[in-house]
Every structure is written in structure tokens, then in C-alpha cells.
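I opened this notebook to keep track of what I looked up, one entry at a time. The entries follow the order in which I turned to each topic.

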Amino acid sequence: MKRAWFITAALILFLLSSCRQGADSTKSGSSNSQTQAIVNKGSDTLVNLALAWAEKYHKLDPNIDISVTGGGSGTGIAALINKTVDIANASRQIKPEELQQAKTNGVNPMEYIVARDAIAIVVNTSNSVNHLTIQQLSDIYSGKINNWKQVGGEDRIIVRLSRETNSGTHVFFLENVIRLGDSKNKTLFSSDTLLLPSSEGITAETRDNPNAIGYDGLGYVTPEVKVVAVGRSDSGPFVMPSADSVNNRQYPIARDLYMYTDGQPTGRILEYINWIQTQEAQNIVTQLGFVPIKSP
Amino acid sequence: MKSSIKWTELIITPLVRISGYSAIIFVLLIFYFLLREGLPTIGQVSFTNLISTRWYPIENYFGLLPLLGGSLIVTLGAALIAVPIGICTAVYIAEVAPRSAREVLKPIVEVLGGIPSVVLGFLGILLLAPYIRRFLDLPTGLSAIAGSILLSAVAIPTIVSVAEDALDSVPRSYRDAALALGATQWQTIWRVTLPAARSGVLTGVMLGIGRVIGETMAVMMVTGNAAVMPIKWNSLFLPVRTMTATIAAEMGEVANNSTHYHVLFFIGLVLFIISLGINIAASATMFIQRKRSERILS
């Protein structure tokens with residue numbers, strides 16, 4: 001009996017060890033010839049876009065391998081300061097203290113705007129409300145306004161729709177709309193806000209439900225829902241989101257998305273940054289629901 | 001010849017034994033893993049935070065009560081719908097339906113059990129939720145009741161299948177005796193067959209409820225995922241957030257070994273203990289019944 005156990009144990013060990021060897025050999029096999037790497041890290045908002053760019057660029061030039069990781073804008077900029085990445089992605093501008101830190105470390109961050117991000121406010125097509133101010137949006141989502149008649153609509157309960165908390169859009173909306181861009185403001189989403197796992201969920205519920213209000217990246221908006229114009233104050237102007245109104249900074253719920261390099265880039269990094277500004281790369285921006293830096 | 005048989009036996013016997021015990025090993029390993037990843041929660045999050053009523057993990061609000069309440073209310077609603085329908089279906093298939101109908105019905109009910117829950121979720125978000133909103137005049141159809149209705153569709157096949165088997169295995173002599181004593185068919189079912197199959201029917205109900213509480217995808221799509229305490233009288237008709245949906249929605253993006261990560265595993269641990277409890281209760285009723293029948297036979 002004991003021997004039987006021994007044999008099975010030996011068999012399992014053998015199987016496990018052979019798996020291990022297999023994994024190792026594939027790893028060592030891939031790093032051949034003269035592929036050059038670009039290390040790219042930062043904002044979670046940008047990570048999908050950066051990945052799409054990296055894949056496309058790798059197809060155009062198979063000698064360049066671009067590794068993209070998320071972790072947040074702060075993580076990316078910290079990595080740039082520590083010289084562990086070639087390009088840092090950020091959904092905000094570099095902070096003065098980060099710039100100071102970079103200077104003491106001998107790093108000179110160069111800033112590139114690579115895309116823009118705008119959030120559209122959507123309601124049901126039967127909703128009579130055409131425009132809202134940022135303050136009204138903040139009051140709606142924090143639970144201070146609960147009925148459409150308080151913002152000039154019908155006497156209906158407001159059903160608040162939001163993306164899940166892990167979405168970059170959720171955090172951007174929280175910081176720039178609900179908290180009005182004030183970092184000391186600690187207002188939260190009203191706890192009865194519906195957190196939907198996808199853009200499709202928000203579109204479906206807004207299309208069917210006359211009580212609903214939702215928000216999403218501009219690129220995800222479909223014609224089945226009504227987009228509301230947003231104003232910075234009661235006196236307006238109330239602006240509809242579009243590539244133009246975002247690019248000339250009239251639409252209030254929008255932000256630039258950045259890449260940072262250490263000093264003036266050269267060689268493969270410069271080529272990559274230049275390629276990102278081209279129409280070809282900017283078309284990917286549109287596909288992923290962001291706003292391209294130049295209109296097609 | 002002789003030695004070759006011995007050799008294969010030497011290998012096959014332990015292999016069969018290992019696969020037999022592997023279920024236990026896997027459960028223990030999973031439990032250990034959940035404990036290892038979930039228990040650090042207790043050191044990192046204060047107890048008052050854990051039993052608070054606000055769940056907003058990106059700002060370190062880790063109140064578990066709304067999630068626990070959400071899971072319970074959805075499960076309760078699903079049980080209220082699925083148990084009567086499931087048992088009635090099982091009784092009809094086993095006792096009332098003619099042979100031809102029976103041969104069609106049972107496989108069809110089992111096909112219903114094979115529908116992927118994400119498909120149910122699609123039906124729910126596109127058809128059920130808008131209909132519920134209009135029919136009951138609710139602010140939104142994405143509510144606990146929508147989740148309960150969809151999950152009853154998950155639980156009913158399990159309940160029907162297990163309960164029907166139990167009813168079917170009641171000896172024919174029981175029914176013959178009841179009918180010979182002048183009982184109607186209804187009296188026979190209600191007073192004799194169903195009580196005789198009680199343990200199997202209860203097991204079916206428990207397994208059905210076990211499936212409901214662990215179901216994720218359909219729930220995440222139709223319950224609205226708003227982490228509110230379901231303590232109002234009409235909470236069944238308002239959005240809720242269940243434990244399973246929370247794990248599914250947040251696990252993908254959470255940073256490894258962060259507090260949020262550990263709390264999600266802690267929720268998994270709570271879920272594991274709940275479904276373990278349900279399964280133990282189910283097998284306990286089976287065990288009690290067996291002892292009773294052994295007593296009668298001896």
C-alpha cells in the first residue's frame with residue numbers, strides 16, 4: 001500500500017515538474033533578435049487606449065514591443081521620476097510637487113496631450129429637461145434633488161444610473177461633477193445610485209425608463225437616448241458635448257489625457273509619440289469612446 | 001500476466017482513491033485560500049466599518065450589511081416564487097400527468113436548468129425589467145424582484161428534478177393503500193405521497209436555494225446594484241446589491257493585497273459559509289429521514 005502511494009506521488013511530482021519546465025522554455029524562447037522595448041505605465045483610464053495603440057503599432061513595426069500597464073496616473077508619474085518607464089500615462093496634469101521631485105532626480109517631464117475624455121449626460125427621449133448645470137448634477141447624484149420637477153421637468157422620481165466604482169469614468173464624475181472639482185469636498189454618490197456594470201446597461205435602462213439619468217463616455221452614447229446640454233452656471237451657456245465643443249474647451253465635463261516622457265524623446269519613443277498624433281492612431285481614440293485631439 | 005495486473009492495480013487503486021478524496025481536498029483548499037485572503041480584513045478594517053450601512057470601497061467604506069441584506073432579500077423572493085411552483089410542477093409530473101406528458105415535461109424542465117444565467121440576465125434587462133416597471137409602476141424595473149423572478153427560473157429546475165425523483169421513489173404500495181382506503185387522488189398526494197417524499201423534496205428546495213444565493217451574472221444585470229439597506233416595507237421592489245454581484249463587479253480591477261481585495265475575499269468567505277450551511281441542512285434532513293425509514297423497516 002505504501003509503495004502505491006509513493007508511485008502516485010512520484011508521478012504527480014513528475015507531471016508538475018515537467019509543466020514547470022515547459023513554461024520556462026517558452027519564456028526564454030520569445031526574447032530573440034533585436035526587438036526594442038518601450039515601457040508604458042500609468043492611468044487606468046488610458047490603459048485600454050494605450051493597449052490598443054501598442055497592439056496596432058506592434059503590427060506596423062514588429063521590432064518594437066510596447067508593454068502597457070495600469071496602476072493609476074500617480075503610479076505612472078512616480079515610475080517616470082524613478083526612470084523605470086519610458087512613457088507615463090496620466091489622466092491629469094503633473095502636479096507641481098511631482099515636477100519638483102522629478103527635477104531633483106534629474107528627470108525633465110515633457111507633456112503630450114494624446115486624447116480627450118468627455119462625459120455626456122443622458123436621459124430618456126421623453127424627458128423634457130434639456131439642460132442642467134454642474135451644480136444641479138452634483139445635487140442630483142448626491143441625493144439632494146430627487147424629483148425631475150426640481151430641475152424643470154415632470155413630476156417624476158429621479159433614478160440615478162452610474163458606472164461601477166472600478167470605472168475611470170466613475171471616479172472622474174465623482175471628482176469633477178459631484179465634488180465640483182474641489183479636492184476637499186467629500187460628497188459621495190447617493191447610496192441608492194444604480195451601479196451598472198456596462199455602458200450597454202446604462203443605455204438600455206435610459207432608453208426604457210423615463211425616470212432615469214445616466215452618464216457615460218461621449219463615444220458610448222447612442223441615438224436611442226437624449227443628451228443633455230451642460231452649463232457651468234445658471235446663466236449658461238449650456239453646451240452639447242461634441243468633438244468640437246470638447247476641443248475648444250466649451251463643454252465643462254471634459255479632461256485632457258496625457259503622456260509624459262523624460263526630456264525630449266529620441267529614436268523609437270519619438271516615433272511612437274509622433275505616430276499617436278496621426279489620424280490613424282486617433283481613429284482608435286474614437287473607437288474606444290474618447291475624443292480625438294483633432295477632428296477627422 | 002500476473003505482475004502486469006498487479007502493476008495496473010498499484011497505480012489505478014490509489015488514483016481512484018485520490019479522485020474520491022479530491023473533492024474533500026479541494027473544498028478544504030478553497031476554504032484555506034478564502035481564510036488566508038479574507039481574514040486580513042479583520043485587522044485592516046474596523047468592526048464598526050464592517051457593520052456600517054455604507055458600501056463605497058474606493059473611499060474605504062466597507063459596510064457589509066447592505067450586501068448581506070441584498071443577497072438575503074433576493075434569495076427570499078426567489079424562494080417564495082420557486083418553492084411553490086417547483087413543488088407543484090414536481091407533483092404534477094410525478095403523480096398527475098399522463099405518461100406521455102411526463103416524458104416530455106421532465107426533460108424540458110431540465111433544459112430550462114441548462115440555460116446560461118447570462119442569457120437569463122439579457123432577457124431580464126431587455127424584457128423583464130421594463131415590464132415590471134410599467135406593470136407595478138416602480139421608479140425602475142432594475143430591482144430585487146426582477147432578480148428574484150430570474151433566479152426562480154434558476155432554482156425551479158433543480159427543485160423539480162430532485163423533488164420529482166423523490167416522489168417517484170415513493171413505493172407504489174403507499175398510493176395503492178391510500179386509494180384502497182377510499183382517499184381521493186388529491187388526498188393521496190397531500191397526505192401520503194408528499195409526506196413520504198418529504199426529505200427528498202426538502203433537499204431539492206435547499207439545493208435550489210443554494211443555487212440562488214450563489215448565482216451572480218443574472219443578478220448583477222437586473223438588480224441595479226445599489227448598495228442600500230433593504231429594510232423598507234417595499235425593499236423587494238427597489239434596487240439592491242448582492243454579495244455575489246459585488247465580488248464579480250469589483251474583483252477584476254482591485255489592486256492585489258489591498259484592503260478592498262481582502263474585503264472581497266471576506267465576502268466570499270461569508271458566501272461560502274452560508275452555502276455550506278444550506279448544504280449541511282440539506283444533507284441533515286436526508287440523514288434524519290434515512291434513519292427513520294431504517295427504523296420502520298427493521
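Entry 1, a helix and its neighbours. I began with helix 7 of chain A in this predicted model, and I noted that its buried residues pack against strand 4 (109–123), strand 6 (159–163), strand 7 and strand 8 (212–217) of chain A, together with helix 6 (117–136) and helix 11 (217–222) of chain B. I then looked up which residues of helix 7 of chain A are buried, and I found A:Gly201, A:Ile202, A:Thr203, A:Ala204, A:Glu205, A:Thr206 and A:Asp208. That makes seven of the ten residues of helix 7 of chain A, so I wrote down that this helix is largely enclosed by the rest of the structure.

Entry 2, where the chains meet. Next I looked up the contact between the two chains, in which 26 residues of chain A are in contact with 30 residues of chain B. On the side of chain A that touches chain B, helix 1 (2–30), strand 7 (194–196) and helix 7 (199–208) of chain A each supply at least two residues, and helix 1 of chain A gives the most, with five residues. By class, I recorded 13 nonpolar, eight polar and five charged residues on that side of chain A.

Entry 3, a strand and its partners. I turned to strand 11 (residues 254–262) of chain A, where seven of the nine residues are buried, so this strand too is largely enclosed by the rest of the structure. Strand 11 of chain A runs antiparallel to strand 3 (residues 87–90) of chain A, and four bridges join them; in this pairing I noted A:Asn89, whose bridge partner in strand 11 is A:Met259. Strand 4 of chain A is also antiparallel to strand 11 of chain A and is joined to it by nine bridges, and here I found A:Met110 standing opposite A:Thr261 of strand 11.

Entry 4, two helices of chain B. I looked up helix 4 (residues 65–96) and helix 7 (residues 144–168) of chain B, which pack at an angle of about 35° with their axes 6 Å apart. The crossing of helix 4 of chain B with helix 7 of chain B is right-handed, and the residues of their contact divide into 22 nonpolar, six polar and three charged.

Entry 5, chain A as a whole. Finally I noted that chain A has ten helices and eleven strands, and that buried residues make up 39% of its 296 residues. Of the contacts in chain A with a separation of 6 or more, 70% are between residues 24 or more positions apart.

Conventions:
Residues are numbered from 1 along each chain as its sequence is written. Chains are lettered from A and ligands numbered from 1 in the order in which they are written. This is a predicted model: local features need pLDDT of at least 70, side-chain atom pairs count only at pLDDT 80 or more; totals for chains, interfaces and linings use all residues. Two residues are in contact if their C-beta atoms, placed from the backbone, lie within 7 Å. Ala, Val, Leu, Ile, Met, Phe, Trp, Tyr, Cys and Pro count as nonpolar, Asp, Glu, Lys and Arg as charged, and the others, Gly among them, as polar. Axes are lines fitted to C-alpha atoms, for helices over the stretch in contact, and angles run from 0 to 180 degrees between N-to-C directions. A crossing is left-handed if the near helix is turned anticlockwise from the far one by less than a right angle, and right-handed if clockwise. A residue is buried if 20 or more other C-beta atoms lie within 10 Å of its own, exposed if 12 or fewer, and partly exposed in between; C-beta atoms are placed from the backbone. Two strands pair if DSSP finds at least two bridges between them.
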